[in-house]
Amino acid sequence: VKVGISYTSIENARRNLEAEVGSRTFDEIRNNAHSTWNEALGRIRVEGGTEDDKTIFYTALYHALLHPNLLSDVNGEYPAMESGATGLASDYERYTVFSLWDTYRAEHPFLMLMKPQQARDMAMSMIRHQQQSVHGLLPIWSHMANDNWCMSGYHATSVLADAIAKGADINKEEALKAMVTTSKVAYLDGIGEYMKRGYVPFDISSTAASTTLEYCYDDWTIYQTALQAGNDAIAQEYKERALNYQRIYDPEIGFARPRYKDGSFKKEFDVLQTHGEGFIEGNSWNFSFHVPHDVLGVMAQMGGEKEFTRKLDELFAMHLPEKYYEKNEDITKDCLIGGYVHGNEPSHHIPYLYAWTSQPWKTQYWVREVMNRMYKNHIRGLSGNDDCGQMSAWYLFTAMGFYPVCPGTDQYVLGAPYLPYLKMSLPNGKTFEIKAPGVSDKKRYVKSVRLNGKPYTKMYITHKDITEGGVLEFVMSASPNKSRGQAKADKPYSLSER
């Protein structure tokens, strides 16, 4: 049986069938699918490690390449939003299935690195979505040409900003207009009150605190794009909005806490509780670290570096009583390391935050713990919902030794590789090798790093470092090098400075 599928018309289904299948036999199509996937998965070559390690790695790579999905037909037609009309994608291919609350963090940056043309077309799909939306909104959760409005924030701004920062062929002014328009749709999830007060009040939103934090990061991505576009007025406006997170940190407890319209903080407040405390799919303990664009700024809100580091240590070491997750549909005990919740996305950048402190070696310790405990070669091998590739993209980046803590910058924060050798064959024809001979559970600490043969002291590498090709070499050790990564100039980006 040969089947053609189209979201627009029977005629286009026939066109797709002819283009994609034609007269080819079942065996020809099967063999072509095999070779296509083999080529895609072979873009990253892994050596060393166990067979389980390799299976987990390539399963993660397979997952990361499944979504988003092509919506347009072979002639470029696709179902336009809401109206039921047919649109035409003439200078890009139209994509859908954007689980953006999850995937802006690592999945889209991974695609920008390994599938830049498709990633550019995904960004263009988001811009066209905004232009066609009756609300004037970038996608929140794009689902087969429409929006299912799942989760909070307007994280398409992150994907656009990240693509632009990494050189995608996108009109910056057009992208900026879509981003700014989205951020001012006053009736969307408290945006009107947010623009008025600098935070979303708990009176009007049950997820007021986490939504405020998400808006602040998204506003920072608009600030970055305005800088790229040379629009100083918009840049200044959104730089100020990006600092709104400061309004919801309670200095008495050093955590983010929802506020009411009258400015008062929620009185009875449990920093470990997920439900009813002003956060979505997470608690204040985890969400209070959710300021990826201004780690030094949130460090100050928590009481300084010593207290910030103490809180990170306590998060991983604490015992989280079962009452805090037993009724949570997303989280089970095997998703947790202490109070750190790897099974859901708001926590994914947290192990890397030690890079901004005087104890960056703790990132090297904890990322390996997460890899060992949260990813298995088993039918229940993920510690949570893969969420259209985000859990898997986290694994891929972390296995390579770095992670995009703040999409919208060109930086990947260094951790430590999981495997002794990886080679990336990049779309531009160049290769990037990552070497960590002898790396193991015991030798998990980074003694020194060399980039293209030269000593490298920074706690991050850039997108350009990778795409220009080269070799990143880690010398691993059983004990941490506590002098590495201490210089201010070697620290990753932060909107506020130390």
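In this predicted model, the buried residues of helix H7 pack against five helices, namely helix H4 (100-103), helix H5 (107-114), helix H6 (116-132), H8 and helix H10 (208-229). The buried positions of H7 are Ala156, Thr157, Ser158, Val159, Leu160, Ala161, Asp162, Ala163 and Ile164. Because nine of the 10 residues of H7 are buried, this helix is largely enclosed by the rest of the structure. Beyond the end of H7 follows Gly167, a residue whose phi is positive, near 90 degrees.

Of the partners of H7, helix H8 can be described in further detail. The axes of H7 (residues 156-165) and H8 (residues 172-182) come within 10 Å and cross at roughly 160 degrees; since angles over 145 degrees count as roughly antiparallel, H7 and H8 are therefore roughly antiparallel to each other. The crossing in which H7 passes H8 is left-handed. On the H7 side the contact is made by Thr157, Leu160, Ala161 and Ile164, and on the H8 side by Lys172, Ala175 and Met179. By residue class, the contact of H7 with H8 comprises five nonpolar residues, one polar residue and one charged residue. The four residues that H7 contributes to this contact, Thr157, Leu160, Ala161 and Ile164, also appear among the buried positions of H7.

Helices H5 and H6, both of which pack against buried residues of H7, also meet each other. Their axes come within 5 Å and cross at roughly 130 degrees, an angle that makes H5 oblique to H6. In this pairing, His108, Leu111, Met112, Leu113 and Met114 of H5 meet Pro116, Ala119, Met122 and Met126 of H6. The residues of the contact of H5 with H6 divide into eight nonpolar and one polar, with no charged residue among them.

Helix H10, another of the helices against which the buried residues of H7 pack, contains Tyr223. Tyr223 is buried, its relative accessible area being 11%, a value that falls under the 20% limit for burial. When residues up to four places away in sequence are not counted, Tyr223 touches Ala235, Tyr238, Lys239, Tyr493 and Leu495. With respect to Ala489, Tyr223 is 266 residues apart in sequence, and the two C-alpha atoms are 23 Å apart in space.

A second buried residue lies in helix H12 (residues 284-287), where Ser284 is found. The relative accessible area of Ser284 is 1%, and the residue is accordingly classed as buried. Leaving aside neighbours within four places in sequence, Ser284 is in contact with Phe255, Ala256, Phe269, Val271 and Phe279.

At the level of the whole protein, the secondary structure comprises 17 helices and 20 strands. The radius of gyration is 23 Å, close to the 23 Å that the globule rule gives for 498 residues, so the protein is as compact as a globular protein of that length. Taken along the principal axes, the C-alpha atoms fill a box of roughly 70 × 55 × 50 Å. Buried residues account for 58% of the 498 residues. Among contacts between residues at least 6 apart in sequence, 68% join residues at least 24 apart.

Notes. Residues numbered from 1 in each chain as written. Predicted model: local features only at pLDDT ≥ 70, side-chain atom pairs only at ≥ 80, totals over all residues. Heavy atoms only, no water. Axes fitted to C-alpha atoms, helices over the stretch in contact; angles between N-to-C directions. Helix = DSSP H or I, 4+ residues; strand = E, 2+ residues; numbered from the N terminus. Parallel < 35°, antiparallel > 145°, perpendicular 65-115°, else oblique. Left-handed = near helix turned anticlockwise from the far one by under 90°. Contact = heavy atoms within 4.5 Å. Nonpolar A, V, L, I, M, F, W, Y, C, P; charged D, E, K, R; others polar. Rg over C-alpha atoms; globule rule 2.2 N^0.38 Å. Buried < 20%, exposed > 50% of the residue type's maximum accessible area, 1.4 Å probe, protein only.
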